[in-house]
Amino acid sequence: MIRQRGFTLLELLIAMTLVALLLTVLYGGLQLAIRGWEGGEARVERSNSVRLVEEFLRRQLAQTARVYVQDRQRLRRVAFSGDARSLTWVAPMLAYLGDGGLYMLRLEYDESSAEGVLRLRWWPYRPQGGEPPAEAVAEHVLLQRVDGARLRYFGSEDGQKAPQWYDGWTFPQSLPRLVRLDLSQDGEALPFLIVALAE
């Protein structure tokens, strides 16, 4: 009579433990690969959206028009002003966003919401100045999850002094030569944008 010998309980337990360890390692590797893939896709998407925003702002700022508006004292000044968080200028708007002609554009960094946003508002240019009626203002969020934004301006007040960088542009009769935008998104500083304004 031939005795058949099977696996002992200890051998089965050891085999099952080894299989469980192997599956755990494989599952961990798969999860790591999935997270890496999703992170890469998110970085590519963020990079593309930032690049599109930069191209749009570069095109619009490069077309800045030297036109004038009346201020509160009824004095004539260049329709351009800015500080570290916002910038207002006049340029032709893209045809699909407006009806043609010149528009006042206002770029703003809004950190009051849960996640900071970079927002663009626009309305038809009016030489008499003043705030436009609410129904005339269009708005679009350019970037979300913006941790910080800073605008700076390079030029001189009268064109005679040596140009320098300013945190705000309040000179009523001149345009800056350059505008610089520094952004950080999701805790990471993005490459800065410098645009030369039209002469």
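This report describes the overall build of one protein and then follows one of its sheets strand by strand.

**Overall build**

The structure is a predicted model, and the protein in it contains 1 helix and 12 strands. When the chain is read along its sequence, the helix comes at the start of the pattern and the strands follow, which can be written as α-β-β-β-β-β-β-β-β-β-β-β-β. The C-alpha trace spans about 115 × 40 × 25 Å along its principal axes, and the radius of gyration is 29 Å, whereas a compact globule of 199 residues would have a value near 16 Å.

Of the 199 residues in the protein, 33% are buried, and the accessible surface comes to about 13100 Å², with carbon and sulfur atoms providing 57% of that area. Among the contacts with a separation of 6 or more, 50% are made by residues that lie 24 or more positions apart in the chain. The protein carries 24 positive and 24 negative charges, and the mean positions of these two sets are 2 Å apart.

**A sheet of five strands**

Part of the protein is an open sheet of 5 strands, which are arranged in the order E3-E4-E5-E6-E7 and paired in an antiparallel way. Strands E3 and E7 are the edges of this sheet, since each of them pairs on one side only. The table lists three of the pairings, together with the residues that each newly named strand covers.

| Strand pair | Bridges | Direction |
|---|---|---|
| E3 (residues 81-82) and E4 | 2 bridges | antiparallel |
| E4 and E5 (residues 102-110) | 7 bridges | antiparallel |
| E6 (residues 117-124) and E7 | 5 bridges | antiparallel |

Strands E3 and E4 form a hairpin, with 3 residues between them. Within this hairpin, Gly82 has Leu87 of E4 as its bridge partner, and Leu87 also stands opposite Leu107 in E5, so that a reader can trace a path from E3 through E4 to E5 by way of these residues. Towards the other edge of the sheet, where E7 covers residues 138-143, the bridge partner of Arg121 is Glu139 in E7.

**The setting of strand E4**

Why can strand E4 be described as largely enclosed by the rest of the structure? The strand covers residues 86-92, and 5 of its 7 residues are buried, so E4 is largely enclosed by the rest of the structure. A residue counts as buried here when its relative accessible area is under 20%.

Methods: Residues numbered from 1 in each chain as written. Predicted model: local features only at pLDDT ≥ 70, side-chain atom pairs only at ≥ 80, totals over all residues. Heavy atoms only, no water. Helix = DSSP H or I, 4+ residues; strand = E, 2+ residues; numbered from the N terminus. Rg over C-alpha atoms; globule rule 2.2 N^0.38 Å. Buried < 20%, exposed > 50% of the residue type's maximum accessible area, 1.4 Å probe, protein only. Contact = heavy atoms within 4.5 Å. Areas by Shrake-Rupley, 256 points an atom, 1.4 Å probe, with all protein chains shown as cover. Lys, Arg positive; Asp, Glu negative; His and termini not counted. Charge placed at Lys NZ, Arg CZ, Asp CG, Glu CD. Pairing = 2+ DSSP bridges.
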